[in-house]
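Please go through the model shown here with a few questions on its strands, helices and charged pairs.

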Amino acid sequence: MRRLLLAGLIAFTVLPAAAMAEQAPATAPLTMETIMASPDWIGQAVESPYWGVDGRNLYYALKRDGSSVRDLYRVDPAGGAATKLDPAAMAQADGPAVYDRAHQHAAFVLHGDVFLVDLASGRRVQVTRTPQRESAPQFSADGHALQFRDGNDWYVYDLASGVTSPAAILKFADNPQTKQPDALAAEQLRLFKTLREIKADKDAELARKKALEQADPTRAPLPFWLGDKVAAVDTELSPDGRWMLVITKPAHADDGKAPDVIHYVTDSGYTEVQKARTYVGRNDPAPQSLLLLDLSAHKIWPLKTDGLPGIKEDPLKAIRAQTVAALEKAGKDDQAKALKAPAVRPVTMANEGSGGGIVWSDDGHEAAVQLRAIDNKDRWIATVDFDKHALVTQDHLHDHAWINWSFNDFGWLKDGRTLWYLSEASGWSRLYTKSLDGKAREIAGGSKFEVSQPQLSADGKWFYLLANKVAPYSYDVYRVPSDGGTLTRLTQYQGVDGFALSPNGQQLAVLHSAPYMLDQLAVQNAAGGTPRELTNTMKPGFTARHWIEPKFVQVPSSHGAGVVYAKYYGPANETDAPDSRPAVIFIHGAGYLQDVSMQETYYIHEQMFHNLLVQQGYVVLDMDYRGSAGYGRDWRDAIYRNMGHPELEDLLDGKAWLVKHHGVDPKRVGVYGGSYGGFMTEMAILRAPGQFAAGAALRAPADWMTYNHEYTANILNDPQLDPEAYKTSSPIEYAANLQDPLLIEHGLIDDNVMASDSIRLYQRFVELHKKNFWISLYPLERHGFKHADDWYDEYRRIDELFNTYVKPVH
C-alpha cells in the first residue's frame, strides 16, 4: 500500500511543542513550532489491515504516540468498537490467513510461528514454537498437509499425524559420497584389496539409504547436493509436494566496495563507521539461475534461460558501440574490451519490491516464473515444462528505457491453466489473462489510466483492483469479471490506498485517505454500496484547523507533453491579493512518485509548510513533472538518459502558469524539494540561472555516479557504458553556473543518498569562488528525517531563505 510509507515519516519523539500544537486554538496563526512538532498531534495512520480467519473481525496496526511501537487493534466490521489488544489478547489474535481449497482449514503466522485453524470447529493448533520466524504458509493441493518455510528451507506439517518434516534438504556443497577418485586414489584402490572393500561398504550403505528413503515415508529425505559454487536466493515448493524451484546466484559474488557512513554523535562517544550500499556500476547485481528439483525421483535439472526471446540481443548496442569506439580512440583498449556484450544476457528472478519470483497453480501442476534482464530492458513470464525440464515463454515485455518497478503482479486463475498478469505493453498498466497455449487477452480495456493491486476473488469470478480511471489523481476500487467485461467502480472516495476482500468474498475492507486525513479503515459490500467507517484516528487539534484544500490544476506543456498535473495552494480570496506576489514551487522526491493525488500526501510536513507560506503571502505549486508515477509508461520513460531536463521544462512551465494565472512576479519564485526533489532543485538553480530567486535542496543526489545500481542503472544505464548520460544528468557537472542563492541540507548518516554528494558539490562551489551558497548538516539524520528538532531547524532555514531572497520586492 503505497501511502503507508507515511508510517515511517511520523515515528518521531514527542516534544512539548506537539502538545502546544494540539492545544492551540484552531484560528491561531500557524507557526514553525506547530507544523514541525512531532506529528503525533495530527493523529496516526491505520496500517496493514487484514481480515480475521472467520471474517467476523478486522485487524489493523496503529503507531503509539511518542514511540515507534505499533499496537494491534481488532474491530467488528458490523459496527463494534475497536479494541487495542493487550499482550494476553495478542496470544489469541489471528494473522493474515491462507485457506485450503475446500475452505475447511486456515493457517497464518503470528509472532513468527505458524498456526492452524479448523474452520468448522474453530479449533486452533500451534504448529511451530521456535526462535526462528517461519513464513509463507500454504496448504498442499489435497488439503492433507500444511507447508511453510524457515528462510529457504521448506517444511511439511501432516494434518492427520501432526508430524512435521522437511520437504527437502538442500546442501550447498559437493556430495562427498560421489566424489570421483583422482589418479593417485585410483592407484591406491588398484593396489589394496582392503581399501576396495571399505569403498564397497560405503557404496552399499549409500544405496541402502537411498532405497529406504524412497520406500519409507517416515524417514527424513536424503539431501540434495547443489555444489559449493552457488547460494540460495529463493526457494518455492509446489502445493502437491512433488517439485521445488530453487533460484541461485554465484556463492562468492563480489558486491563491490561500499562507502562508509560516519556517525559523529554516538551513544559510546566514539566516532563509529557503518558500511552503506555500493555505487552504481561498481558491480552489477549477481546473475541468477534456476534449478528444478524432483523431490520424488530425487533429481535435479537446470532450467536454462538462453531460449528466452531477445535474451541474446543487445538493446544497448548503439550506445555500446559509441562508448567502445571512444575508449579505443583514447587508447583504453582494456576498458573497451570489458564492455563487450554477453552472448546471453544475465537475468534475475527474485527482485524484491519490483517484480520477479515464482507462482504455483493451486494444484501444483503448473509454475510460472518472472525473469528480468539485469540491464532491465526486458521482462519475461515463463512456465515450466516438467517433462522437458525447460522454460516456456508466455509473455515478453520490452522497454527501450527500463521495465517499471511497479505493475509486475502475476498469478493463476482458478483453473490452474490460465495466467493473469499486469503489463505496460499498451503504454499503461493493464490486466491480461493468457491460457498456456493461447493468446494474451486484455481484461477491461480503456483509455489512459492505470490499474494496480489486482486481487482474484476466492471463487475466481472477479478481479478487484485499484484504478485512476476518473482522473490521474483519483484512485478507487473497481472490479471486472475474470473472463473480461465492464470495469465497475465500487468506491467513491477518490483517495483509496488499498483494500482487502473478506474470506467469503462478500465484503471489502477499504483503506482510504485525503489530503489532510491519514489512512482510515472502512468496510462495504464487495459488489458496491455505502461504506461503514470503522476508524477515526485523527486528533481534534489538527482536524479543527482550517487547512487550504489543494486545487487540482492542469499546467499546459510548452514541450509537447500535453498537460502537467499539479496541486495549487493559494489564499481563499485571490481577488483581494496583490497583482504581483511571490511563489514557491515544491518538487516531490523519488522521481517515480505521485504527489498530485486525492490521497494523503507522503509530504505531510511540507503540506503544512505550504499553508504557512500562503499565510505569509506566497502561493505554492506542487507538480507531478515528467518521470512521476500515475501517468503511463511514456511519461516515466521521458527522463531516460536525460534526468533533470524534461522535469525542468515542466517546472518552468509551472512558473509561467503561475505568472499568467495567479499574478506571480517571475523574479520572485523559489523552489525546493528533498531527495529527487533536491536533485531537481539543484538542476533548476544550476541549469536555469536567473529563473528562480532561490532554492533549497534537501538530501539531494548531486552526482548520479555515487548513487545505487537498482535505481540509477535503470534510467542512465551503467556509467562505464553510458558516461554521457551521467554527465548530462548530474548537478555537479553544472556547478559553474551557480548565481542564485542555494541552501543545501543533508543528514550526515544518510545511507541512501550519501552526505558526500552535498559535500562534494559544496567543495566545487568553494573552488569556483561562488557566493550565496550554504550547507546545513544534521549528525543524527538519515535520508528521511526522524527528529522534530531537525525538522524545525531544516524548515526554519528554508523559510528564512525564501523570506530573504524570494518574498521581498526589489
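The questions and answers below take up some local features in turn.

This is a predicted model, in which local features need pLDDT of at least 70 and side-chain atom pairs count only at pLDDT 80 or more, while totals for chains, interfaces and linings use all residues. Residues are numbered from 1 along each chain as its sequence is written, and side-chain values use heavy atoms, with hydrogens and water left out.

Q: Which strands stand at the edges of the open sheet of four strands?
A: Strands here are DSSP runs of E with at least two residues, helices are runs of H or I with at least four, and both are numbered from the N terminus; two strands pair if DSSP finds at least two bridges between them. The sheet has the order β1-β2-β3-β4 with antiparallel pairing. A single partner strand is available to each edge strand, so one side of each is left without a neighbour in the sheet, and these strands are β1 (47-51) and β4 (83-84).

Q: How are the axes of α12 and α13 oriented to each other?
A: The axes, which are lines fitted to C-alpha atoms over the stretch in contact, with angles from 0 to 180 degrees between N-to-C directions, come within 10 Å for α12 (residues 646-662) and α13 (residues 676-687) and cross at roughly 75°. Angles under 35 degrees count as roughly parallel, over 145 as roughly antiparallel, 65 to 115 as roughly perpendicular and the rest as oblique. α12 is therefore, with respect to α13, roughly perpendicular.

Q: Which residue of strand β15 forms a salt bridge with Arg149?
A: A salt bridge is a side-chain nitrogen of Lys or Arg within 4 Å of a carboxyl oxygen of Asp or Glu, and in this pair the closest N and O atoms are 2.9 Å apart. Arg149 lies in strand β10 and its partner in β15 (residues 230-237), so the pair ties together parts that are 85 residues apart in sequence. The partner of Arg149 is Asp234.

Q: Is Arg636, which forms a salt bridge with Glu424, buried or exposed?
A: The closest N and O atoms of Arg636 and Glu424 are 2.5 Å apart. Arg636 lies in helix α11 (residues 633-637) and Glu424 in the loop between β27 (418-423) and β28 (430-435), so the pair ties together parts that are 212 residues apart in sequence. Buried means under 20% relative accessible area, exposed over 50% and partly exposed in between, with a 1.4 Å probe and protein chains only. At 0% relative accessibility, Arg636 counts as buried.
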